[in-house]
Amino acid sequence: MTSFHDFRLNDAITRALAEEKYLAPTPIQTQTIPVVMEKRDVIGIAQTGTGKTAAFALPILHHLAANARPPVRKSCRVLVLSPTRELSGQILDSFRAYGRHLRIRAALAIGGVSMGAQVRALLNGVDVLVATPGRLLDLVKGNALRLDSVECLVLDEADRMLDMGFINDIRKIVAKLPAVRQTLMFSATMPHAITELAAQMLRDPIRVAVSPAAPAAERIDQRLIRVDRAAKPGILVEVLQREAIDRALIFTRTKHGADKVVRNLVRAGIAADAIHGNKSQNQRERVLAAFRKGAVRILVATDIAARGIDVDGISHVINFDVPNVPETYVHRIGRTARAGAEGIAISLCDGEEAAFVRDIEKLIRMSIPASDRRAPARRPETSSGHSASVRPPSGPPPAKRRQQSHNGGAHKQRHHDHSRETASQIASIGFMQRHTPAGRDVAQHEPRRTPHLKRSERA
Ligand code: AMP
């Protein structure tokens, strides 16, 4: 399948795709669209950036157009559940873009904004409702919405919904849907809990999968800087000053940490803004729009808030904190190198995070080239066995220079050659298949540091 025409989508949709300059379907679209057109249930393993939104939105729009009927008051025909407000907004935008030549009524039901406008939007019924689970249930409880005429349910980023503690909300929602319906579930990873959920919710599903990180990760220049915890803020400033940055996304583990990083950067004269769950919806949208436009070039985010941010042209992803879940690392670095661009991912790793790096390297089946900025007293005698020591482009820090001056020239040369060798291996390595060590999955792993979040803490 090489062209959108092969799917025999409604002409109005094909026209919109041409206007969007989509020349050919992506692999997830090639696999998913024909199956959804046949009204089969689908479990799709794909992450953001693979084109999965169009993979489900296009055949759904086609079906709505082919079976147009007046909407039923306070109800929707297609329900799309997504974990975050940002992702929900982007999904709605996609439906509107691809359906711009169709008469499709679409609405958004997300938390963080007043319910009034959402209640009014649902009054006469809609074709497509994109929602976060909590707000959807509030609308159902408030009699603003009934779910008994839903024909198609889409669960997007199912693994993340689980991580965020939405599982009970999802079960409650599914219990209110008609038993006869089409169900499409998309997830970046397939932990056991997702397999179980799929078995309960889907009917004889077709499984489609793309190895998501592969094309992007091959183009990502990954680097690790070993640091002392206290030195992280200073080293981050140096990195940002040294690198040629178009747009950088900096990840922290906590919202508080994100704010601290922003304060540190602003103090150093570097304009930056944060996006996380404590910000109001308006603030988040304003910050995101500024980042998209390039008015803010440095955005600091938590994983949950960053999920679903769909911004092209991110030249750098910086892990201020190394994630304890290896899959999260893959999600994070996948934010750069999108749309064929090249990207750089830099991780600042302190002593406590070294174990997380080992897990990440196991998952991605490669070692990340590392440079060492720790105070000399804290360095091990030899480098860590699987990480090459690479000098930063601007030359070694004073401590490193001192250390090198004690070494012989031959040793220095070997060190260098090893670095180059590792770097070229990385450039040529066909990036991983998604590989989760047996018995370890996101749902089991995440609570080590981030137990299920209270609703007030969710993004
Ligand atoms: P998604 O994975 O759905 O978040 O999509 C990632 C990005 O790819 C979005 O910016 C889409 O607009 C874009 N996109 C999706 N499908 C195609 C396609 N077939 N050709 C070009 N761009 C696409």
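Reader: What makes strand β8 and strand β13 a pair?

Author: Strands count as paired when DSSP finds at least two bridges between them. Strand β8 (residues 220-226) and strand β13 (residues 343-349) are joined in the parallel sense over 7 bridges, so they meet that condition. Looking into β13, you will find L348 as the bridge partner of I225. Please keep in mind that this is a predicted model, where local features need pLDDT of at least 70, side-chain atom pairs count only at pLDDT 80 or more, and totals for chains, interfaces and linings use all residues. Residue numbers start from 1 along each chain, as its sequence is written.

Reader: What do names such as β8 and β13 stand for?

Author: They are DSSP runs numbered from the N terminus: a strand is a run of E of at least two residues, and a helix is a run of H or I of at least four.

Reader: Why are β10 and β14 called edge strands?

Author: The open sheet has 7 strands in the order β10-β11-β9-β12-β13-β8-β14, with parallel pairing. β10 (273-275) and β14 (370-372) each have a single partner strand, so one side of each is left without a neighbour in the sheet. Neighbouring strands here are turned by 20° against each other on average, direction ignored. Helix α13 (residues 281-293) packs on this sheet, where α13 touches β10 and β11 (298-301), and its direction makes about 125° with that of β10.

Reader: What holds the strands of a sheet together?

Author: Strands of a sheet pair through backbone hydrogen bonds, and the pairing can be parallel or antiparallel.

Reader: Which strands stand at the edges of the sheet that contains β1?

Author: That open sheet also has parallel pairing, and its 7 strands follow the order β3-β4-β2-β5-β6-β1-β7. At the edges stand β3 (106-109) and β7 (206-209), each with a single partner strand, so one side of each has no neighbour in the sheet. The average turn between neighbouring strands is 15°, direction ignored. Inside this sheet, 4 bridges join β2 (residues 76-81) to β5 (residues 152-155), and the two run parallel. V78 has C152 in β5 as its bridge partner. Helix α4 (residues 85-98) lies across β2, β3 and β4 (126-131), and runs at about 180° to β3.

Reader: How do you know whether α2 is roughly parallel or roughly perpendicular to α3?

Author: Axes are lines fitted to C-alpha atoms, for helices over the stretch in contact, and angles run from 0 to 180 degrees between N-to-C directions. Under 35 degrees counts as roughly parallel, over 145 as roughly antiparallel, 65 to 115 as roughly perpendicular, and the rest as oblique. Helix α2 (residues 27-37) and helix α3 (residues 52-66) pack at about 25°, with axes 8 Å apart. That makes α2 roughly parallel to α3.

Reader: What class of angle do α15 and α16 make?

Author: Helix α16 (residues 354-364) and α15 pack at about 70°, with their axes 8 Å apart. That makes α15 roughly perpendicular to α16. Residues are in contact when their C-beta atoms, placed from the backbone, lie within 7 Å. P326, E327, Y329 and V330 of α15 meet D359, I360, L363 and I364 of α16. This contact has 6 nonpolar, no polar and 2 charged residues. Here Ala, Val, Leu, Ile, Met, Phe, Trp, Tyr, Cys and Pro count as nonpolar, Asp, Glu, Lys and Arg as charged, and the others, Gly among them, as polar.

Reader: And why are α6 and α8 put in the class they are in?

Author: Helix α6 (residues 133-141) and helix α8 (residues 167-175) pack at about 40°, with axes 9 Å apart. They are therefore oblique to each other. The contact is made by P133, G134, L136 and L137 of α6 with D169, I170, K172 and I173 of α8.

Reader: What makes a residue part of the shell around the ligand?

Author: Its C-beta atom, placed from the backbone, must lie within 6 Å of the molecule. The residues around the ligand are Y22, P25, T26, Q29, T48, G49, T50, G51, K52, T53, A54 and D310. The largest share, 3 residues, comes from α3. By class, the shell has 3 nonpolar, 7 polar and 2 charged residues.

Key: Contact = placed C-beta atoms within 7 Å.
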